[in-house]
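Subject: Structure handover and notes

Dear colleague,

I am passing this structure on to you, and below it you will find my notes on what was found in it. Please read them with the structure open beside you.

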Amino acid sequence: MVRIAFYTLGCKVNQYESEALSSRFSQEGFTVVPPSEDAEVYVVNSCTVTSGGDKKTRQILRRFKREHPGAVIALTGCFPQAFPDAAEKLPEADVITGSYNRAALVDSVKSALSTGDRVINITPHKQGESFERMRAPRFSEHTRAFVKIEDGCDRYCSYCIIPTARGPIRSKPLEDLQEELAALVDNGYKEVVLVGINLSSYGKGTDLRLADAVELACSVPGIERVRLGSLEPELLTDEDMDRFAAQDKFCPQFHLSLQSGSASTLKRMNRHYTPEEYLDIVSRLRARFTNASMTTDIMVGFPGETLEEFEESVSFAEQVGFAKVHVFAYSRRSGTRADRMDGQIPQREKERRSAEMIRRTDQTRLAFLHSQVGRTEEVLLETQVSPGEYEGYTKNYTPCLVQTPQTAGESDSVDLCGQIKYVTITGVSDGRCTAVLADVKS
């Protein structure tokens, strides 16, 4: 059998797509192995959100070609889709496909294996294209499953190349979603995370909304938790929130992409809300969901960001009280408006601002973790770190280290991974909560 390995860069959608491709290659007789092992084919699923992602893609391609000169090296994903000419110039890539028509990757790899010829097959996105059917039945080393239900974006933020890389908005039909979720239940998954490139736009152009997908997922027997990926906040309506809140299985963790807490910076970014509107959305969610957590992404050093705007952004993040913030420095991205803007911030200053934003938002995270102490919550136990000790997450995605009692001689036979248990949160240590099993029926 031909061995094939996948190396995935970027978001949860990319991870899902790699798993789906892995399944397709397995059905075609390939043996999937980790990228650390010898293989006849290596697939690099690229991310092009930042120029740094492109750099890492090139480094991985060179490494695989250097370490496995006789293997077929395939490049797929957002980088070749957005920059096909640049991708074609990479000599290490024997096969190049994009983020559209991923099914073509199987035949392209087969062709390269049989003929030794280079294969370039990048299909341009077009208006009206349908959602590409794919399924990821299993996820390595995960007890939760990611399910891609939306692709494409039409927001055109001034710093972002993703509308070019991912094309127009399209959505997974509900009947396909139901079949996929049923298969995941059969494979032992209790929690699913619905993900997309612009998840809040699910159903655009149809009579569906994201809440329809959530309600369907919650209705599937065997699915005990339904979580959402990153959301564009201004696209959530009160009706959406009410429909989410009506579902007992829905997890009250909201990753609301902020990018900046400064109104003037948001305007230059072409984001579609103000800080005041964002805060109102957060307030409306907190009014509907007990103990909800808010997480986000914040960019620092965007072109023209003054020290005053930076401080506005930090202060706003502190005001919201995020449970977790992913902080990153602006990275110039060719093909975007921001790349041509005046007022580019020096790298050293961007690094200084990143460090300051991280320092201060780490305090909001610590405050959130301490606010969970004393609560009794359900935790999905995911990893056994030692006999009687498990790592897992509550419904609002609070990380917990859970102590469980062990009977002598049972430590090797008792495995609670994949089970949902009630725990009492007892403290905070090393960036997570500590907990013990609660005296409650689970």
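Helix 11 and helix 12 are roughly parallel to each other, and I begin with this pair before moving along to the neighbouring helices. Please keep in mind throughout that this is a predicted model.

The axes of helix 11 and helix 12 (residues 307-320) lie 11 Å apart and make an angle of about 15°, which falls under the 35 degrees that count as roughly parallel. The crossing of helix 11 past helix 12 is right-handed. On the side of helix 11 the contact is made by Pro-275, Tyr-278, Leu-279, Val-282 and Arg-286, and these meet Phe-316, Gln-319 and Val-320 of helix 12. Sorted by class, the residues of this contact comprise 6 nonpolar, 1 polar and 1 charged.

Helix 11 (residues 275-288) also packs with helix 9, where the two axes come within 10 Å and cross at roughly 30°. Helix 9 and helix 11 are therefore roughly parallel to each other as well, and their crossing is right-handed. Helix 9 contributes Asp-238, Met-241, Asp-242 and Ala-245 to this contact, while helix 11 contributes Ile-281, Arg-284, Leu-285 and Arg-288. The residues of the contact between helix 9 and helix 11 divide into 4 nonpolar and 4 charged, with no polar ones.

From helix 9 (residues 238-245) one can go on to helix 8 (residues 210-219), since the axes of these two come within 9 Å and cross at roughly 5°. That angle makes helix 8 roughly parallel to helix 9. Here Leu-210, Ala-211, Asp-212, Val-214 and Glu-215 of helix 8 meet Asp-240, Arg-243 and Phe-244 of helix 9, and the contact is made up of 4 nonpolar and 4 charged residues, with no polar ones.

Is helix 8 mostly covered or mostly open? Of its 10 residues, 8 are buried, so that helix 8 is described as mostly covered. The buried residues are Leu-210, Ala-211, Asp-212, Ala-213, Val-214, Leu-216, Ala-217 and Cys-218. What they pack against is not helix 9 alone, but also strand 7, helix 7 (174-186), strand 9 (191-196) and strand 10 (225-228).

I turn next to the charged pairs. Side chains of opposite charge can pair when their charged atoms come close. A search of the whole structure finds 42 salt bridges, and three of them are described here.

In the pair of Arg-166 and Glu-17, the closest N and O atoms are 2.8 Å apart. Because Arg-166 lies in helix 6 (residues 162-166) and Glu-17 in helix 1 (residues 12-27), this salt bridge ties together parts that are 149 residues apart in sequence. Both Arg-166 and Glu-17 are buried. The two also belong to a network of salt bridges that links Glu-17, Arg-102, Glu-129, Lys-148, Asp-151, Arg-166 and Arg-170.

The other two pairs each lie within one helix. Glu-67 and Arg-63 meet in a salt bridge at 3.9 Å, N to O, and, being 4 residues apart in helix 2 (residues 51-67), they are separated by about one helical turn. Glu-67 is partly exposed, with a relative accessible area of 45%, and Arg-63 is partly exposed too, at 27%. Arg-359 and Glu-356 form a salt bridge whose closest N and O atoms are 3.0 Å apart, and their spacing of 3 residues in helix 13 (residues 347-371) again amounts to about one helical turn. Arg-359 counts as partly exposed, at 47% relative accessibility.

Lastly, some loop residues may be worth a look. Most residues other than glycine have a negative phi. Tyr-156, in the loop between strand 7 (144-151) and helix 6, has a positive phi of about 50° although it is not a glycine. Asn-291, in the loop between helix 11 and strand 12 (293-300), likewise has a positive phi, near 60°. Gly-374 is found in the loop between helix 13 and strand 14 (376-386) and counts as exposed, at 56% relative accessibility. The C-alpha atoms of Gly-374 and Ala-435 are separated by 9.2 Å, while the two residues are 61 residues apart along the chain.

With kind regards

Methods. Residues numbered from 1 in each chain as written. Predicted model: local features only at pLDDT ≥ 70, side-chain atom pairs only at ≥ 80, totals over all residues. Heavy atoms only, no water. Axes fitted to C-alpha atoms, helices over the stretch in contact; angles between N-to-C directions. Parallel < 35°, antiparallel > 145°, perpendicular 65-115°, else oblique. Contact = heavy atoms within 4.5 Å. Nonpolar A, V, L, I, M, F, W, Y, C, P; charged D, E, K, R; others polar. Left-handed = near helix turned anticlockwise from the far one by under 90°. Salt bridge = Lys/Arg side-chain N within 4 Å of Asp/Glu carboxyl O. Buried < 20%, exposed > 50% of the residue type's maximum accessible area, 1.4 Å probe, protein only.
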